[in-house]
Amino acid sequence: MGRAFLLLLILASSAAAQQADLVLQNGVIYTGARALGRVEALAIQGERIVAAGTRKQIQRWIGPKTRILDLQGRFVMPGFNDAHVHLGGAGRGKLTVDLTGARSLAEMQERIRARLPEFAPGQWIVGRGWDHSLWPEPRIPTRPDLDAVSTKHPMLFERVDGHSSVANSLALTIAGITRDTPDPEGGDIVRDAQGEPTGWLKERAEGLVARHIPEPTPEERKRGLELSLREAAQNGVTSLQDNSAWEDFLALQELKKEGKLTARITEWLPFNAPLETLKARREQGGTTDPWLKTGALKGVTDGSGGSHSAAMLEPFADEPHNRGILLYEPEQLKQMVIERDAAGFQITLHAIGDRAVRVALDAFAAARAANPSRRDARHKIEHAQFVHPDDARRFGALRVIASMQPSHILNDMRWAPALLGPARRREAYPWKTLQKDSPVLAFGTDYPVELINPFRGLYAAVTREFEDGGPVGGWVPEEKISLEDALRAYTQGSATAEFEDHRKGTLRPGMFADFIVLSHDLTQLQPRELLRVQVLMTVVGGKVVFDRLQSQPATREGSRD
Ligand SMILES: [Zn+2]
């Protein structure tokens, strides 16, 4: 082969390499990178962004095979990275029937009937949330009411309060419950005038049936996970830090093989598992694949605020004898953290009450002292809902990341002020303080505890008001943060929390092409309007995973209602 020919070949291939697969034009592209600010256009090659700039600067990346997306002035930003979700739980919830808010027995039956095609005969159909007190004829549903929907599927539906359930005849048969079955200790098999079970099972009687419901099959896990992933994509979430069962991780591996992953996932492992198991799973699940890998060890150190089980330094203001529940003996927690830290694991501890937060920080401090050669461990505290002012500073000193879920406040404001009392109000959901004092603030939702919709979180972070407004000016307004800071926490902050900030969280050359197109320019909105923002397109690694842009009229953003 002649030298000149070879040279030509090299030139040709480098010219081809300069051609983008996808170019975004005419956008308002919020890169999240301080040096870049906003740009009009992006060029993407494969999974990554190769150039960002004006339309003119990007023009040279356009070749015959380049797909051009004309944004028509729409707003683009890095995809959201939800730093705390439970995908497996969310998925299983999607496979059950949600009866919450059904306004009549007929509506309850209709909701179940509508889902029948998803279930093969003999397969269990379960669900929860019915409340007969909302119905025109407020009577408890019975076995015949459910048999009218299906006699071929065993069914069990829990009441909204979680204290009783109604089963159909097939479910009772499978459980062997007849008129002769005695009531279990602490439970009632409700019977009609003839002594036949009505299907209503109170308290521990529910368990007689529930124990026959099989664990989800791998197929069911996959189906549920796919539904949750779809919901994430629709909401502009391109990365997830997930706390699910190992079986769910295996199902996610399958989905990845089938090309069905629509978000990048870092899976947490259970902190309490034996160290050898954890090492084996880290080995098996890997730690580097940007689509699916294992990450932090998740431990739970206390309960929750809503149930008054968060571990507090002083009693709850509204329960003066209760300081909540600490789930570890502090010395034991220290030893476990030291051991797992030494084995190279990142550790993330659920801590809601101010005592739990202190105990968690103490454990991380002990690990730093015991394993001085360990650098950049990026240990985290999940929730950190009530933080004593003395401890806020320690986040920075110990390099502990605060992983918080601002949308929790939208519900918790109903009871949290009374729980804390006026003297501790500054401890509540201290986003501003921790943004200042911790090395990194990461945002998420705890989905499905909260909706995965990130705009609720942004709204909560900048207003500290209920979704329908108030309290005026926000609760503990000193702890509001700016929209830019909230966006950073939800993109770069979350990426840092999973050791991915070198390739995720901003839209600049070299980073993954994980971005979303929105109905509005977030930075031009009144805070209330954040709740109306729609995701029009979600792209992960240059691949469109959700698209409602095609159906949108070609108006500029912000003009829609
Ligand atoms: Zn959680």
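**Figure 1. Packing of helix H8 against helix H9 in the predicted model.** Helix H8 spans residues 218-234 and helix H9 spans residues 246-257. Their axes lie 9 Å apart and form an angle of about 75°; angles of 65 to 115 degrees count as roughly perpendicular, and H8 and H9 are therefore roughly perpendicular to each other. From H8, the contact involves Arg221, Lys222, Leu225, Glu226 and Leu229. These residues meet Glu247, Asp248, Ala251, Leu252, Glu254 and Leu255 of H9. By character, the residues of this contact comprise five nonpolar, no polar and six charged.

**Figure 2. Crossing of helix H3 and helix H8.** The axes of the two helices come within 7 Å and cross at roughly 100°, which makes H3 roughly perpendicular to H8. On the H3 side, the contact is formed by Leu87, Gly88, Ala90, Gly91, Arg92, Lys94 and Leu95. The partners in H8 are Glu220, Arg221, Arg223, Gly224, Leu225, Leu227, Ser228, Leu229 and Glu231. The residues of the contact of H3 with H8 divide into six nonpolar, four polar and six charged.

**Figure 3. The buried face of helix H3.** Helix H3 covers residues 87-95, and its buried residues are Leu87, Gly88, Ala90, Gly91 and Leu95. Viewed down the helix axis, these buried residues fall within an arc of 160°, so they line one face of H3.

**Figure 4. The zinc ion and its donors.** The zinc ion is coordinated at 2.1 Å by His84 through NE2, His86 through NE2 and Asp446 through OD. Along the chain, the donors follow the spacing H-x1-H-x359-D. Two of these residues, His84 and Asp446, link distant parts of the chain, being 362 residues apart. His84 belongs to strand S8 (residues 80-85), whereas Asp446 lies in the loop between strand S21 (441-443) and helix H17 (454-463). Buried residues have under 20% relative accessible area; His84, at 1% relative accessibility, therefore counts as buried. Asp446 likewise counts as buried, because its relative accessibility is 8%.

**Figure 5. The surroundings of Met336 in helix H11.** Met336 is found in helix H11, which covers residues 330-342. With a relative accessible area of 13%, Met336 is buried. When residues up to four places away in sequence are not counted, Met336 touches Phe271, Asn272 and Tyr328. Val544 lies 208 residues from Met336 in sequence, and the two are 42 Å apart in space, C-alpha to C-alpha.

Technical notes. Residues numbered from 1 in each chain as written. Predicted model: local features only at pLDDT ≥ 70, side-chain atom pairs only at ≥ 80, totals over all residues. Heavy atoms only, no water. Donors = N, O, S within 2.8 Å, 3.2 Å for Na, K, Ca; no water. Helix = DSSP H or I, 4+ residues; strand = E, 2+ residues; numbered from the N terminus. Buried < 20%, exposed > 50% of the residue type's maximum accessible area, 1.4 Å probe, protein only. Axes fitted to C-alpha atoms, helices over the stretch in contact; angles between N-to-C directions. Parallel < 35°, antiparallel > 145°, perpendicular 65-115°, else oblique. Contact = heavy atoms within 4.5 Å. Nonpolar A, V, L, I, M, F, W, Y, C, P; charged D, E, K, R; others polar. Arc of directions from axis to C-beta.
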